[in-house]
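Got your viewer open and your selection syntax warmed up? Here is a walk through one model, stop by stop.

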Amino acid sequence: MPKIKKLSLLSLSFIYVVVFLFNSVVVYSADYTMSDCFTYTYNSATDVYDATFNTGTYKMVLNELNTTEIIMPEEYDDGINGKHDVVLSNSGFKTSSLTDDLITKIVFNSHSSRLTAIRPFRYFSKLNTVIFKYAGSDLNLGQVFYNCQDTLKRVDIYATALSSSFDASAFRTFIDIDNSEIHVASDSVRDAIVNATKNGSYPVPSEKIIVDPDLASSLPKPVITLSCEDITYGTVGGFKP
């Protein structure tokens with residue numbers, strides 16, 4: 001009897017350990033967020049977090065989240081410096097040697113105005129959409145689509161204008177893919193892309209660029225504030241308060 005009791009205690013102990021480990025794994029997995037696809041460095045000079053794509057862990061994160069889309073977070077809090085905007089660092093997406101057969105869409109956030117790494121999507125065999133949500137007036141792209149795969153069919157650009165440093169070969173390779181399209185928020189951005197690339201070796205034809213009302217409607221609306229000092233009052237029909 002003592003021997004049976006000892007074995008039973010050992011069995012129970014083993015079960016407890018297995019259950020504990022299982023629960024630990026489940027809890028840890030559930031804690032993943034899209035933020036875990038990047039690493040962050042707080043930049044005290046600009047009061048933002050500089051983000052770098054985490055090539056070592058992103059597949060595990062996406063699998064746990066059951067998605068194939070990378071959506072760059074808008075904000076981050078490291079628990080020390082507080083919550084601040086996230087900006088893609090200058091070397092934040094150097095992935096020209098990364099082989100990926102998982103990612104289908106990449107969304108760069110509204111704070112990131114530049115992506116100048118050369119051919120970062122070179123070996124992304126499932127990628128079909130890239131979105132730049134930055135809605136400012138100085139979007140700067142290098143030769144980011146050079147050597148991209150022919151699965152890439154759509155690029156969305158929310159910017160209202162382009163940087164003077166915008167690379168004339170930014171859409172190299174992409175413009176030769178059948179049915180590929182660049183979606184922009186306005187006629188002026190379409191014209192800016194055509195003008196920025198027309199003197200290069202890989203000009204973008206205007207028919208490749210779609211002015212998309214859905215992009216325009218998603219842009220931030222200007223806020224107009226009036227005070228009494230902004231109003232000119234007449235002498236007929238009323239008095240200045």
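Before the first stop, a word on labels: helices and strands here are DSSP runs, at least four residues for a helix and at least two for a strand, numbered from the N terminus. Also keep in mind that this is a predicted model.

**Stop 1: a serine in a loop**

Select Ser-112, which you'll find in the loop that links β6 (105-108) to β7 (114-115). Is Ser-112 buried or exposed? Its relative accessibility is 5%, and buried means under 20%, so Ser-112 counts as buried.

Now show the polar contacts of its side chain. One goes to the side chain of Asn-109, at 2.8 Å. Another reaches a backbone atom, the nitrogen of Leu-88, at 2.9 Å. Expand the selection to touching residues, skip anything up to four places away in sequence, and you get Met-72, Val-86, Val-87, Leu-88 and Tyr-134.

**Stop 2: the parallel sheet**

Switch to cartoon and pick out β3, β6, β8, β10, β11 and β12. In that order they make up an open sheet of 6 strands, with parallel pairing. β3 (69-71) and β12 (209-211) are the edge strands; each has a single partner, so one side of each has no neighbour in the sheet. Going from one strand to the next, the twist averages 15°.

For a close-up, zoom in on β6 and β8 (residues 129-132), which pair in the parallel sense over 4 bridges. Val-107 is a handy anchor: its bridge partner in β8 is Ile-131.

Then bring helix α3 (residues 187-197) into view. α3 lies across β10, β11 (181-184) and β12. Against β12, the helix runs at about 165°.

**Stop 3: an arginine in β10**

Stay with this sheet and select Arg-154, in strand β10 (residues 154-157). Arg-154 is partly exposed, at 29% relative accessible area. Which side chains does Arg-154 make polar contacts with? One is Asp-156, joined to Arg-154 by a polar contact of 2.7 Å. Another is Asp-212, at 3.2 Å.

Next, draw a C-alpha to C-alpha distance from Arg-154 to Glu-181: you should read 5.0 Å, although the two sit 27 residues apart along the chain. Glu-181 is also among the contacts of Arg-154 once neighbours within four places are left aside; the others are Asn-128, Thr-129, Val-130, Phe-174, His-183, Asp-212 and Leu-215.

**Stop 4: the mixed sheet**

Over to another sheet. Here 4 strands, in the order β1-β2-β5-β4, form an open sheet with mixed pairing. At its edges stand β1 (38-43) and β4 (75-77), each with a single partner strand, so each has one side left without a neighbour in the sheet. The twist from one strand to the next averages 45°.

Zoom in on β1 and β2 (residues 48-53), an antiparallel pair with 6 bridges. Phe-38 stands opposite Phe-53 of β2, and Phe-53 takes us to the next stop.

**Stop 5: aromatic rings**

Show the aromatic side chains. How many aromatic pairs are there? The count comes to 16. Take Phe-53 and Tyr-58: the ring centres are 4.9 Å apart and the planes are at 40°, so this pair is tilted. Phe-53 is buried at 5% relative accessible area, and Tyr-58 is buried too, at 1%.

Now try Phe-171 and Phe-174. Their ring centres are 6.3 Å apart with the planes at 50°, so this pair is tilted as well. Phe-171 has 0% relative accessibility and counts as buried; Phe-174, at 1%, also counts as buried. You met Phe-174 earlier, among the contacts of Arg-154.

To see how these rings join up, select the whole cluster: Phe-38, Phe-53, Tyr-58, Phe-93, Phe-108, Phe-121, Phe-124, Phe-132, Phe-145, Phe-166, Phe-171 and Phe-174 form one aromatic cluster.

One more ring is worth a click. At Tyr-146, look for the charged end of Arg-172, which sits over the ring, 3.7 Å from its centre.

**Last stop: another loop serine**

Finish at Ser-163, in the loop between β10 and β11. Ser-163 is buried, with a relative accessible area of 17%. Outside its neighbours within four places in sequence, Ser-163 is in contact with Asp-138, Leu-139 and Asn-140.

How values were computed: Residues numbered from 1 in each chain as written. Predicted model: local features only at pLDDT ≥ 70, side-chain atom pairs only at ≥ 80, totals over all residues. Heavy atoms only, no water. Buried < 20%, exposed > 50% of the residue type's maximum accessible area, 1.4 Å probe, protein only. Polar contact = N/O pair within 3.5 Å; in protein donor to acceptor, adjacent residues only side chain to side chain. Contact = heavy atoms within 4.5 Å. Pairing = 2+ DSSP bridges. Axes fitted to C-alpha atoms, helices over the stretch in contact; angles between N-to-C directions. Phe/Tyr/Trp six-rings, centres within 6.5 Å; stacked < 30°, edge-to-face > 60°. Lys NZ or Arg CZ within 6 Å of the ring centre and 35° of its normal.
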